[in-house]
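Student: Please take me closely through the residues around the ligand. After that, I would like to hear about the chain that surrounds them.

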Amino acid sequence: MTKVKILDLFAGGGGFSAGFANSRNSDLEFELHRALEINEEACLTLENRYGSHRVIKGDITKQSVKDRILNDCKGVDVIIGGPPCQTFSLAGPARSGSIEMREQLRNDPRNTLYKHFLELVEKLKPPFVVFENVEGMVSKKVETDLSQKQEKVIELVCDELEALGYHTKVDGQDRRYQVLNSADYGTPQVRKRIIIIANRFNIDNPMPIQSHVSNYRTIGDAIKDLPIRLPIISTSRMEKLKNIETLKKYYPVSLDAFMDRMEDLTFHVHSEQQGIKELNYQLKDFYENIKTRKNYKINALHNFINFYNLLVEKLEINRFGENPFNLSHQSREHNFRDVVIFSLMKQGSNSARFMNPINEDYDIVLDELYPYARSKHKDTYVKHSWDRPSNTILAHMEKDGLKFIHPEQPRTFTPYEAALLQSFPDDYRFYGGRNAQFRQIGNAVPPKMAEAIGNAILKTISDNRNIIRPEIIEVK
Ligand SMILES: C[S@@+](CC[C@H](N)C(=O)[O-])C[C@H]1O[C@@H](n2cnc3c(N)ncnc32)[C@H](O)[C@@H]1O
């Protein structure tokens, strides 16, 4: 096999590289030559996957780091990378934050990180470049230095690549960039990203082949077979919980909803998880006891939750087993109000729907339990369904997972589930704590989509052997 060498800039936990590693065309395959990343935990993930000699830990804006890259990466064939995207994002504070916050983002130095990417392209002159970013970059404008005229960042990046001798036009299109949806490439998730493929050979750039346009992979396909995970329910400051009054008002209804969820789960347990049936059995006993007291009693609810937590913790010991990936398949803690919300919501619905009386998902208990400002955050809770791809997996999952509620279990997705929904291989291990893992996973280019991009580039190399191959072989 001929190895086509990649330099992955802003490599994160390595989604882009993981996909390229699976691309093939005749005797061509990619090899990760070097990955640059600033974040400690992401570097650990990369080092363990690819070997520490391939990882450059550092800040791309530092000259010493650039020098090391230039020194280590002479003759690299493809530079791939997605500079951080917070400021171009269509989600979060870039769209809905306060005026001050948006102003701060506008002046954020991360806005210009792409320039460092281009500087390394200019100096290393690889045959191919792949630039990836969030869809929001298509509409994002910046002032150009000279004229102070507003220009689209995406067009600027293309212009600069052209000025460096690259051809950016997409084959059969008038455009120089493509908007890809990861679901079209076999990822069980809808995630739109822009890519620019550029080459030094004046050849129009390929469009990756869409393998799954009419048969999207679903959440069920990706994670239904995983062992059940139950959340620990926090009891600290329960009396202070927002809308605890509603919980009191609908006390039996809320408890029933949670117990029904638990009961449902016992129908789906794996043979090695029979402990969940026992847990449910014991919990039911306790529940029958407190249910007869018609009025809300904080102590009784506390005792009930503590008993549940004890049973879950006991189960935990049985669940870890030998598999290290179990460590990332653990639920975060939730408060009881949220667990009740998760239990009551219908699969495939969100809070904007359950708060709207003209909608078939409208639910008065949920409507009253909803704890956020309705004017700004209507769709804070999203419960996914088995038979559809997931919404875009976000790095925001490190803060909370409310937009990623599991279709059946009363909790939000685990990091392991998020990674599978991003189409990472099931043996891909992320380092760092839960938040660090969510960040790496949520930031990643879905490997299945990256694989399709890689396949398209290898095919272009293969189809243009006379022009491109000599350059790739020459530098070996
Ligand atoms: C959008 S993520 C890239 C995800 C990656 N392409 C993947 O597929 O997994 C951007 C990454 O750039 C890193 N980063 C941010 N500023 C950096 C800098 N100044 N130098 C190097 N890396 C940086 C962040 O830590 C983050 O992991």
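Tutor: The chain has 19 helices and twelve strands; these are DSSP runs numbered from the N terminus, with helices being H or I over at least four residues and strands E over at least two. This is a predicted model, in which local features need pLDDT of at least 70 and side-chain atom pairs count only at pLDDT 80 or more, while totals for chains, interfaces and linings use all residues. Residues are numbered from 1 along each chain as its sequence is written, and side-chain values use heavy atoms, leaving out hydrogens and water.

Let's go to the ligand. There are 19 residues around it, and Phe16, Glu37, Asp59, Ile60 and Val445 come nearest; a residue is counted here if one of its heavy atoms lies within 4 Å of the ligand. By type, this shell divides into nine nonpolar, eight polar and two charged residues. In that split, Ala, Val, Leu, Ile, Met, Phe, Trp, Tyr, Cys and Pro count as nonpolar, Asp, Glu, Lys and Arg as charged, and the others, Gly among them, as polar.

Backbone atoms also approach the ligand. A backbone N or O atom of Val445 is 2.8 Å from a ligand oxygen, a polar backbone atom of Gly14 is 3.4 Å from an oxygen of the ligand, and a backbone N or O atom of Ile38 is 3.5 Å from a ligand nitrogen. Of the 600 Å² that the ligand exposes when taken alone, the protein buries 89%. Areas like this come from the Shrake-Rupley method with a 1.4 Å probe, and for residues only the protein chains shown count as cover.

Phe16 leads us on to Asp8, in strand β1 (residues 2–9). Leaving aside neighbours within four places in sequence, Asp8 is in contact with Phe16, Ser17, Leu32, Arg34, Ala35, Leu36, Ile80 and Gly81, where contact means heavy atoms within 4.5 Å. Asp8 and Leu32 are 24 residues apart along the chain, with 7.5 Å between their C-alpha atoms. The side chains of Asp8 and Ser17 form a polar contact of 2.7 Å. For such a contact, a pair of N or O atoms lies within 3.5 Å; within protein, one must be able to donate a hydrogen and the other to accept it, and residues adjacent in sequence count only if both atoms are side-chain atoms. Asp8 has a relative accessible area of 1%, so it is buried; buried means under 20%, exposed over 50%, and partly exposed in between (1.4 Å probe, protein chains only).

Now for the wider chain. Of its 476 residues, 55% are buried. The largest nonpolar core has 54 residues, with Phe20, Val130, Ile223, Ile453, Ile457 and Ile461 making the most contacts inside it. Such a core is a set of buried Ala, Val, Leu, Ile, Met, Phe, Trp, Tyr and Cys residues joined through side-chain atoms within 4.5 Å. Helix α18 (residues 447–463) gives this core its largest share, seven residues. Another core lies apart from it, with 44 residues that include Met259, Leu279, Leu301 and Phe336. In soluble globular proteins, nonpolar side chains tend to be buried together.

Phe336 is also one of the buried residues of α13, along with Arg337, Asp338, Val339, Val340, Ile341, Phe342 and Ser343. Helix α13 (residues 336–344) is largely enclosed by the rest of the structure because eight of its nine residues are buried. Its N-terminal end is capped by Asn335, which has a side-chain oxygen 3.0 Å from the backbone nitrogen of Arg337.

Some loop residues round out the picture. His167, between α7 (153–163) and β9 (178–181), is buried because its relative accessible area is 15%, and its side chain makes a polar contact of 2.7 Å with the side chain of Asp204. Thr414 sits between α15 (364–369) and α16 (415–421) and counts as buried at 1% relative accessibility. By contrast, Arg237, between β11 (233–234) and α9 (244–249), counts as exposed at 63%. Arg237 has a positive phi of about 50° although it is not a glycine. Lys125, between α6 (113–124) and β6 (128–134), also has a positive phi, near 45°, and counts as partly exposed at 45% relative accessibility.
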